[in-house]
Protein chains: 4
Amino acid sequence: MKRWRVGILGATGTVGQRFIQLLEGHPWFAVTAVAASDRSEGKRYGDAAAWKLPTPLPARVADLTLAPCRPPLDCDLVFSSLPGEMAGETEAAFAAAGYPVISNSSAHRMAPDVPLLVPEINPDHAQLIAAQQRQRDWARGFLVTNPNCTTLALALPLAALDRAFGVEAAMISTMQAISGAGYPGVASLDILDNVIPYIAGEESKVETEPRKILGRLVGETVELSPLRLSAHCHRVAVTDGHLCAASVKLRQAATVADVCAALESFRGPAEALSLPSAPRRPIVLRREPDRPQPRLDRDLEQGMASVVGRVREDPLLDVKMTILGHNTVRGAAGAALLNAEFLAATGRFT
Amino acid sequence: MKRWRVGILGATGTVGQRFIQLLEGHPWFAVTAVAASDRSEGKRYGDAAAWKLPTPLPARVADLTLAPCRPPLDCDLVFSSLPGEMAGETEAAFAAAGYPVISNSSAHRMAPDVPLLVPEINPDHAQLIAAQQRQRDWARGFLVTNPNCTTLALALPLAALDRAFGVEAAMISTMQAISGAGYPGVASLDILDNVIPYIAGEESKVETEPRKILGRLVGETVELSPLRLSAHCHRVAVTDGHLCAASVKLRQAATVADVCAALESFRGPAEALSLPSAPRRPIVLRREPDRPQPRLDRDLEQGMASVVGRVREDPLLDVKMTILGHNTVRGAAGAALLNAEFLAATGRFT
Amino acid sequence: MKRWRVGILGATGTVGQRFIQLLEGHPWFAVTAVAASDRSEGKRYGDAAAWKLPTPLPARVADLTLAPCRPPLDCDLVFSSLPGEMAGETEAAFAAAGYPVISNSSAHRMAPDVPLLVPEINPDHAQLIAAQQRQRDWARGFLVTNPNCTTLALALPLAALDRAFGVEAAMISTMQAISGAGYPGVASLDILDNVIPYIAGEESKVETEPRKILGRLVGETVELSPLRLSAHCHRVAVTDGHLCAASVKLRQAATVADVCAALESFRGPAEALSLPSAPRRPIVLRREPDRPQPRLDRDLEQGMASVVGRVREDPLLDVKMTILGHNTVRGAAGAALLNAEFLAATGRFT
Amino acid sequence: MKRWRVGILGATGTVGQRFIQLLEGHPWFAVTAVAASDRSEGKRYGDAAAWKLPTPLPARVADLTLAPCRPPLDCDLVFSSLPGEMAGETEAAFAAAGYPVISNSSAHRMAPDVPLLVPEINPDHAQLIAAQQRQRDWARGFLVTNPNCTTLALALPLAALDRAFGVEAAMISTMQAISGAGYPGVASLDILDNVIPYIAGEESKVETEPRKILGRLVGETVELSPLRLSAHCHRVAVTDGHLCAASVKLRQAATVADVCAALESFRGPAEALSLPSAPRRPIVLRREPDRPQPRLDRDLEQGMASVVGRVREDPLLDVKMTILGHNTVRGAAGAALLNAEFLAATGRFT
């Protein structure tokens, strides 16, 4: 297989660092370019980035020079973890300049011609790329996005239940890790011995994005799922791992055992399963009374699975459960990487 | 007013310590007896108790000698914070021996002839005492209970909404403080950089107790409220203060402004308002986007209020909000103390 | 007694908020002016400040309008908690304009003509004011400083030991609270499940300031104490309260009992003892094997004492102990306030 | 190489779990027996142990049946992480019954005929085994111990400095992780927003054990090093990783650069270097101003190194630095495992 040369936009940030960590030793991709805000342009990556991961910064990347976030960039495709406000124009500029842009940013997620892709759930949404390129008059470049960190953790079990029984509504309450806010992000005075019951913009993403992910591709557009969602989002004193309490209303009756079976047997298509970063089990079901827990379960399947536990009847809706996802792995850099692997494996990079 | 002599059952525990703290300098009550497990019988309280509150242990209480948890005890009434499993028999024995028992334990809460009393909400439930004494053939003694720590935080706003619009259903997700599990309680390895999505017995209490609190006194029994509840309970790394995300379905349409007005104007009866430990505002409404927060808001109204914030429309039910209560003050010792004050003020101690 | 009108420089910061909290209801001082960075000039204090204390922001202060940090200001004297880099010029400008400046900033602490004042230890250092005014040609205005947060916690027990036995050297290792870094200050990703073994500039302050505090006033200068100090400073996941491990070499032999007696009997001069904010015991000695602890002991004496425990022999030097001080009360705003009270009581404000 | 069958005493505890984790897939050792307290005898390991590590419990070990802690046990040698009070007799009984006992417990560490072994430092101390077997009349069995968790982290850099310059004295202040206290161990109410300045027995271990480790083998006894130590031990809110501030007095003058060079070049003997669990660098030197930090550096060299940083001059002694060790890896199970590998490689298991 061809080895693709990869650039990272927003390379010094929390998610940018995860990209670098996950791409180290990757069989298909190699980081050849790093870009960040203009003020670090020209600096050595190892000097400019405050590396905050417990695995060492790869020496080869440390020696790369930071480029500004505009084309051209010395690579075949780019991963983007730019902040929402600057992602919109920058990513479009790279796509227009011929680069496939695999983005973790929110800017283009809900655009009708941009796939909000989760290979295990909606691999067919990748077909939007053709329409996108045609409508926007782009040749080789295009935009593909992955969902918000919380949304992805939820999307896998919601998809499993939707496929098996139909999901009519879901009530979500999240307890989200501080790494989700980047660095410096959450002030320690705000979170030590505390919970913050608010994350700007988060509830609306969680209430919206799953409807596109679970939507049906009709011709060249995605018909949003009629699923209704309500979210309460909270920040808690956890380093990594978003935990979600979910109560779900199904379209079709199902016992707790049925629900567990649907979750545990959920698999994506063959193409998704064999990707280098794909989890063997996209959903890991735990049967202990007190799991999943962020510290103990976030790294299952290398952080690429949704871990579900405490499946039980819900007195108001139908079934309730606890869901955990690693927010900076599967919820961010890992999601984009899996998307890139899927696009590579299905011949979207030419 | 007469000054009542008070005994504390379970005096060395977390809630027992709060009783002692809150009763220090109380205008009506003075601690004259402390009782705990048999193995500390005969010890000086100051030597036997691992005092864990930041205010000093009152010297006079430190010098009391621990009695065993059985009558007689040198006092006019007892506060109980015994663990559930031993509370049942012990509290009944004290009541049978002529002591009013003001209990924070769960053992008798749902017994049909025992008030689950919140003075601002259901002061009339105190009328169950007469039937209780008659049925159980008790003369001076009786049992009165207060709700579970989480339930109490929820009960005040649910009562306000129920009174104004009727509440049909509520979906609750809690983030509960470690002090709720007593001492030593939650192991630090279980909660640091973590959330535990399980608290034994808690969800069923939260789904049940509010129905009795909001129930209607019909003759000598309480008719449970038809309100339906679903709870997800979590333990988080917070010392004090239970935070709850609540989505509520009302029986009658109401705008967010209506809901805020109903919460803010909620008051108990005159007798409740003037009690020494009564909060001036039983419900404190915060209008900032990111409040209430445990560390910043748990001590409002000396920890005796429910603090509510983020009132907004709910896409699934009708309205959603965040609710905070101080779990060892209003959620435990403070609730019992307010009940005792109410009973004293209404002539129940003779 | 006259009531002094007080302005606060740096009023929106962590220490500025403590000033406002501690001055609420003060018998001698009333906040009449608040000043902060130019970009908040003209805003209502309650709108501009992110109030982070668990007691409510006093309504009267909330309604004050923020002035820029330059004279004139509508007050008789100013408290300053400006960051070091801007404190130097700004404070001097206020003093030159006739305002007594009671500063918590580091800028002028080591200036030979500026008192580094701790009323219980070196009240005579206030005599530097006369020389300062003469040399700098200032009429009514002057500068008085208090030590760094860690230094103050250490200075009280070091002074007690120095007075009783002479202190030759001290080895210090600190575990400092996050509130010491202000807001937003320490990033939560840096401190959760972590310790940071570095605080910029802190070790040199701790190794230097005590020598001036314990220095001897000779004529119009302070002769630094020959005491030698070595400090290791660490940031830990504690909201308030700096804990210090101290090993001390004495000039004169002393048993552990002697040392405890010297600590416990330490008092400042009569003028210091009777000030409104003075701790009854400047040093609180704990005899339990595992105290002091930040969460349990920081609020003793309203946060105005140094709490000392675990006094024991040191195999290398002479005696070792654990010392705790509340870093934003006695270690910052409270220290300045006590200095102001001392200056008021001794007729320095005219 | 022969594959040794290994039993674990205290297999359900925190260190026992680390043994199982580290031995999974080990090239020389396989776990064939697990033993714990009598009350779990006969239970399946997977049912009896509350597995608290983020990597999954190996299925083969989960299916082992727990034996009581007395010989015989189905294995060639045993690892012990028994609590001190029961380790003394139990370990001796296993050694007497012919089992090499590689112990992490403190019971026998200071016994004159028991090696307190660190392969990089004192491999020759293994020669005590012969005398031990002769004196105690044991045939195949023997006892070998590793140091206390904190001691080991310190011992590597102290040995490096002692070898290069001689170490006369060291002042140590520790900030220790909660995992060091086992499970349930430290109560969360004691450590959240807090530091505990006391760990029972710890300071005396840290002040004593390094003297044996750095001691000189003379004939069949170890002459304790004349090094003098003083320790302040604290528990902080960190999951894994003990951080130590160390000030060191050298026998021979050395610059900071000399000290860094001695630390960085420190290696054990060839036999130690090539062991499967040996760190490539026993001491990792960090040159950033704010490292090492527990969360970022504890896993360097798979948790088998001491990480040293902030090397600088000490105003009282000669040099000061910050030292970090992973307390349950190199500080406990990993130390014992490395000892076992060293003993296997040098033919001590027959």
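Me: What makes domain 1 and domain 2 of chain A separate domains, and where do their bounds lie?
Reply: The bounds come from an automatic or database domain assignment. For chain A that assignment gives domain 1 as 4–147 + 333–345 and domain 2 as 149–326. Their centres, taken over C-alpha atoms, are 24 Å apart. This is a predicted model, in which local features need pLDDT of at least 70, side-chain atom pairs count only at pLDDT 80 or more, and totals for chains, interfaces and linings use all residues. Residues are numbered from 1 along each chain as its sequence is written, chains are lettered from A and ligands numbered from 1 in the order in which they are written, and side-chain values use heavy atoms, with hydrogens and water left out.

Me: How do you know which residues of domain 1 of chain A are in contact with domain 2 of chain A, and how many are there?
Reply: Contact means heavy atoms within 4.5 Å. By that rule 32 residues of domain 1 of chain A touch 36 residues of domain 2 of chain A. The buried area, which is the accessible area (1.4 Å probe) that two parts lose on being put together, summed over both, is about 2700 Å² here, and carbon and sulfur atoms give 69% of it.

Me: Why is the pair A:Arg18 and A:Asp240 called a salt bridge?
Reply: The term requires a side-chain nitrogen of Lys or Arg within 4 Å of a carboxyl oxygen of Asp or Glu. The closest N and O atoms of A:Arg18 and A:Asp240 are 3.7 Å apart, so the pair falls within the 4 Å limit. The count between the two domains of chain A is 3 salt bridges. On the domain 1 side, α1 (14–23), α5 (128–136) and α12 (329–345) of chain A each supply at least two residues. Helix α12(A) gives the most, with 7 residues.

Me: What makes helix α1 of chain C mostly covered?
Reply: Buried means under 20% relative accessible area, with exposed over 50% and partly exposed in between (1.4 Å probe, protein chains only). In α1(C), residues 14–23, 9 of the 10 residues are buried. Among them are C:Val15, C:Phe19, C:Ile20 and C:Leu23. The buried residues of α1(C) pack against several elements of chain C, including β1 (4–9), β2 (29–36) and α12 (329–345). Helices (H or I, at least four residues) and strands (E, at least two) are DSSP runs, numbered from the N terminus.

Me: How do you know that B:Arg298 and A:Asp193 meet in a salt bridge?
Reply: Their side chains come to 3.0 Å, N to O, so the pair is within the limit of 4 Å. Between chain B and chain A the count is 8 salt bridges. The side of chain B that touches chain A takes its largest share, 7 residues, from β10(B). The contact takes 49 residues from chain B and 49 residues from chain A, and about 3700 Å² is buried between them, 56% of it on carbon and sulfur atoms.

Me: What makes up the contact of chain B with chain D?
Reply: Here 16 residues of chain B touch 16 residues of chain D. The two chains bury about 1400 Å², 71% of it on carbon and sulfur atoms. B:Ser188, B:Leu189 and B:Leu192 supply 43% of the area that chain B buries against chain D, more than any other three residues. The rule finds 2 salt bridges across this interface. D:Asp190 and B:Lys52 meet in a salt bridge at 2.7 Å, N to O.
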